Amino acid sequence: FWIMAGKVKWVTDIEKSVLINNFEKRGWIQVAENEDWNFYWMSVQTIRNVFSVETGYRLSDDQIVNHFPNHYELTRKDLMVKNIKRYRKELEKEGSPLAEKDENGKYIYLDFVPVTFMLPADYNLFVEEFRKNPSSTWIMKPCGKAQGKGIFLINKLSQIKKWSRDSKTSSFVSQSSKEAYVISLYINNPLLIGGKKFDLRLYVLVSTYRPLRCYMYKLGFCRFCTVKYTPSTSELDNMFVHLTNVAIQKHGDDYNHIHGGKWTVSNLRLYLESTRGKEVTNKLFDEIHWIIVQSLKAVAPVMNNDKHCFECYGYDIIIDDKLKPWLIEVNASPSLTSSTANDRILKYNLINDTLNIAVPNGEIPDCKWNKSPPKEVLGNYEVLYDEEMAQSDGADRSRSGQSTGVKGNRARDSGKPVLTTWK
C-alpha cells in the first residue's frame with residue numbers, strides 16, 4: 001500500500017470517486033483504493049513514529065510517505081529562519097553575489113524574511129533591535145502551532161515582560177519551562193485590496209531534495225481579512241484586521257461563507273496587471289518563485305532526503321505596498337478542508353495532481369524510480385526548479401557566483417511563465 005501524511009479534516013469533503021472509505025487505523029486514514037493496494041493519509045505524529053528509532057519500523061519499496069522525516073527544518077517557524085540565516089552566511093563565505101549587501105548592511109537579494117528573533121533565547125538581541133526603532137510593531141508566534149493559535153502583536157517592551165510573567169517564566173535565560181516563540185518585525189505596510197490585508201497560500205511539491213526537484217501549483221489563492229486594515233495601535237488586538245488565517249476569520253461577523261474571503265491567484269494577477277502593469281506583475285511572481293526555491297535550497301543540506309518521501313508544502317507569502325514579497329512561513333500540512341465550493345474543486349485537483357506525480361500512471365509505488373514524471377501527468381503543477389536539469393544545462397550558477405539570479409531568465413509567452421531552471 002501507499003501512504004500519504006497530513007491533516008485529515010478534508011476526508012468527508014472529497015468526492016467519493018477518490019475517497020472510497022473513511023476510517024482510522026493506527027493513526028492512518030484510508031483515502032482511496034486501487035485493485036492491488038490502498039492509499040492512506042497519515043498524521044504528522046504518525047510519520048514521526050514511522051521514522052522513530054524506537055519503533056523499528058522500516059518502509060518497503062512500495063511504501064511512500066508525503067513528509068520528509070525532519071520536515072520541521074522548514075516548517076517550524078524558528079528552524080526555517082535559522083536555516084535561511086545559515087544559508088546566507090554560507091553564500092557570503094563562498095563570495096556569491098546572491099549574498100551581496102547594500103550600504104546599510106541589508107541583503108539585496110536574500111532579504112525575503114522579516115527581521116526575526118527567537119524568544120526567550122534572543123531576548124537581549126531583540127531589545128537592542130527594538131530600541132533602534134521604538135515605534136515599530138512586532139508579531140509573536142509560537143514556533144510549533146498553526147491556524148493563528150497563540151499569535152499576538154506588541155509595540156512595547158512591557159508587553160513582552162507581561163507575556164513572560166503570564167507564562168510563568170521568571171527569566172528569559174531559562175528555556176526549559178517555556179514554549180519557544182518567534183518574534184518578527186510586523187509588515188505594517190501590506191498591499192491592500194479593498195482596504196483589506198491579504199496573503200497568498202501557494203502549494204509547492206518537492207519530490208526530492210538531493211537533487212532538488214520541486215513543482216509550483218498554479219491554483220493557489222489569496223486569503224483576505226474580513227475587517228479593513230489600519231496600522232493604528234488601538235487595533236493591535238483585533239486579529240480580524242491582522243491575521244488572514246481562515247481558522248480566525250471564519251469567526252468574524254463579516255465572514256462571507258460563499259467566497260470565504262478568498263481570491264484565486266489568477267484573479268490577483270489580473271488585478272495587479274490592470275492596476276500596476278504586466279511587467280511589474282510578472283516581476284513580482286518571479287520573485288515569489290525565486291524566494292521559494294531559495295528557501296528550499298536553504299534546507300536541502302540538512303533535510304533527510306529519504307527515498308520514500310515527498311512533500312506538498314503550503315507557502316504563506318505577504319506582499320507589501322511596494323510589491324515586495326515576504327516569506328512568512330511554510331506549512332507541513334496545509335489545510336485541505338473545503339470552506340467554499342471553489343475551495344473544494346481546488347483541493348480536489350491538488351490532491352489528484354499530487355497523486356499523479358507521486359505515483360505516475362497509477363502504478364504500484366516504487367521508491368526507487370527517478371522521481372521525474374512525464375509532463376503529461378503534471379496537471380496544474382509546473383516545474384519550478386530541477387537541479388539536475390539546471391546543472392546539465394550549465395545553468396545552475398547561484399553557488400558559483402556567476403549569476404545574481406533575481407531577475408532570472410523566465411521566457412514570456414503572452415505574459416505567462418514557462419517551465420524554467422532559473423535561480
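Me: Is lysine 368 buried or exposed?
Reply: The model is predicted, and in it lysine 368 has a relative accessibility of 57%. The cut-off for this class is over 50%. Lysine 368 therefore counts as exposed.

Me: Which side chain meets that of lysine 368 in a salt bridge?
Reply: A salt bridge needs a side-chain nitrogen of Lys or Arg within 4 Å of a carboxyl oxygen of Asp or Glu. For lysine 368 the N to O distance is 3.2 Å. The partner, at 33% relative accessibility, counts as partly exposed. That partner is aspartate 61.

Me: How many residues apart in sequence are the parts that lysine 368 and aspartate 61 tie together?
Reply: Lysine 368 lies in the loop between α10 (341-358) and β16 (381-386). Aspartate 61 lies in the loop between α1 (44-50) and α2 (72-75). The pair therefore ties together parts whose separation in sequence, in residues, is 307.

Me: How many salt bridges does the structure hold?
Reply: Side chains of opposite charge can pair when their charged atoms come close. The bridge between lysine 368 and aspartate 61 is one such pair. For the structure, the number of salt bridges is 16.

Me: Is aspartate 111 buried or exposed?
Reply: Aspartate 111 forms a salt bridge with lysine 106, their closest N and O atoms being 3.6 Å apart. Lysine 106 is partly exposed, at a relative accessible area of 45%. For aspartate 111 the relative accessible area is 15%, and the cut-off is under 20%, so aspartate 111 is buried.

Me: How many residues apart are lysine 324 and aspartate 111?
Reply: The side chains of these two residues meet in a salt bridge at 3.9 Å, N to O. Lysine 324 is in the loop between β14 (311-319) and β15 (325-331), and aspartate 111 is in the loop between α3 (77-94) and β5 (116-119). The pair links distant parts of the chain, and the separation in residues is 213.

Me: What is the nearest side chain of opposite charge to glutamate 387, which has no salt bridge?
Reply: Glutamate 387 belongs to helix α11 (residues 387-392) and is buried. A polar atom of the glutamate 387 side chain lies 2.7 Å from the backbone nitrogen of leucine 212. The nearest side chain of opposite charge is 6.3 Å away, and a salt bridge requires a distance within 4 Å. That side chain belongs to lysine 297.

Conventions
Residues are numbered from 1 along each chain as its sequence is written. This is a predicted model: local features need pLDDT of at least 70, side-chain atom pairs count only at pLDDT 80 or more; totals for chains, interfaces and linings use all residues. Side-chain values use heavy atoms; hydrogens and water are left out. Helices (H or I, at least four residues) and strands (E, at least two) are DSSP runs, numbered from the N terminus. Buried means under 20% relative accessible area, exposed over 50%, partly exposed in between (1.4 Å probe, protein chains only). Lys and Arg count as positive and Asp and Glu as negative; His and the chain ends are not counted. A polar contact is a pair of N or O atoms within 3.5 Å; within protein, one must be able to donate a hydrogen and the other to accept it, and residues adjacent in sequence count only if both atoms are side-chain atoms.
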